[in-house]
Amino acid sequence: MSFRAQEMYKKVVRRVGGEGKLPAELMKSVKDMLPDSNVVMGRAKRGIFAGRHIRFGNKVSEDGGNKSRRSWKPNVQEKRLFSYIHDRHIRVKVTTHALRCIDKAGGIDEYLLKTPYNKMDTEMGIVWKAKIEKMYSDLAEMEVGFFPPEEEAKIKEGFDEVRAAKRDFRREARRALAKQRQLEASSAGDDQTSEVTDTKEEVSDAAAKV
C-alpha cells in the first residue's frame, strides 16, 4: 500500500466512525481496494471527479508548428445532490462526467455503491461510500417488528380520530375568526353613523343660533 493510500485509509476510518466501530469485512474491503496511485489532482480530494483530472499537453501553432505547454482542467460544478439513505442534501463539487455517471446510476447513493473502491480515486467519494455501506450494514442488523392486523386497525383509527379533531378545530377557528371580523365591521359602521348624527345635530344648532 502506497503512502497516499495509507493516509487515505486513516482519514476514511476516522471520518466514518473509528477503527473498532466498522465491520471487519468493510475494513478489509476498504484496505484492499484503496487506489495505489501516488499522484492525484489536489481539487479532486474535495469532490467527486470520476477519474477526470488535470491533463497536460502541447499547444501547436498553425503556421510554424511551434509547441508550447498547456493544461486542460476538468469542468467542475458545485451541486446539491440528495441522498435518500441520509435523508438530506449533500453539497459537493463534481465534474460533468461524474454528474452523467450519477444520473445513469440512479442517484448519488447508487453511484457510490456501484463504483468499486479502486476506481473511487478521491477521498471524499471513499468516505461517503464507506458511510453508506456502514449504514446499510447497520440496517441489516436491525430487528424489525410487525403489528398484528387488529393493532394496525386500532392505530389507523387513532390517526383518523386525530385528523378529524384537527379538522374540527380548524373549522371552529375559522368560524370564530369570521364572527370576530363581522363584529368589528358592525362596530365600525355604528361608530360612523353616530359621528354623522353628531355632525348633523351640530349643524342644526348652529343654524338655529344664526
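Student: What makes up this chain in terms of helices and strands?
Tutor: This is a predicted model, and the chain has six helices and five strands. Starting at the N terminus, the elements go α-α-β-β-β-β-β-α-α-α-α.

Student: How much of the chain counts as buried?
Tutor: That's 28% of the 210 residues.

Student: Let's take a residue. Where does Lys 129 sit?
Tutor: Look in helix α5, which covers residues 123-141.

Student: And why is Lys 129 called buried?
Tutor: Buried means under 20% relative accessible area. Lys 129 has 3% relative accessibility, so Lys 129 counts as buried.

Student: What does the side chain of Lys 129 reach?
Tutor: The backbone oxygen of Thr 115, at 2.8 Å. A polar contact needs a pair of N or O atoms within 3.5 Å, so that distance fits the cut-off.

Student: How far is the C-alpha atom of Lys 129 from that of Leu 112?
Tutor: They're separated by 5.3 Å, while the two residues are 17 residues apart along the chain.

Student: Now Lys 73: buried or exposed?
Tutor: Exposed means over 50% relative accessible area. Lys 73 comes in at 61%, so Lys 73 counts as exposed. You'll find Lys 73 in the loop between β3 (67-72) and β4 (76-83).

Student: Which residues gather with Lys 73 in a patch of positive charge?
Tutor: Arg 43, Lys 45, Arg 46 and Lys 93 join Lys 73 there, on the surface.

Student: What makes that patch positive?
Tutor: Lys and Arg count as positive, and the patch is made of Arg 43, Lys 45, Arg 46, Lys 73 and Lys 93.

Note on methods
Residues are numbered from 1 along each chain as its sequence is written. This is a predicted model: local features need pLDDT of at least 70, side-chain atom pairs count only at pLDDT 80 or more; totals for chains, interfaces and linings use all residues. Side-chain values use heavy atoms; hydrogens and water are left out. Helices (H or I, at least four residues) and strands (E, at least two) are DSSP runs, numbered from the N terminus. Buried means under 20% relative accessible area, exposed over 50%, partly exposed in between (1.4 Å probe, protein chains only). A polar contact is a pair of N or O atoms within 3.5 Å; within protein, one must be able to donate a hydrogen and the other to accept it, and residues adjacent in sequence count only if both atoms are side-chain atoms. Patches are made of residues with over 30% relative accessible area and no salt bridge: like charges are joined within 9 Å, nonpolar side chains (Val, Leu, Ile, Met, Phe, Trp, Tyr) within 5 Å. Accessible areas come from the Shrake-Rupley method with a 1.4 Å probe; for residues, only the protein chains shown count as cover. A salt bridge is a side-chain nitrogen of Lys or Arg within 4 Å of a carboxyl oxygen of Asp or Glu. The place of a charge is taken as NZ of Lys, CZ of Arg, CG of Asp or CD of Glu.
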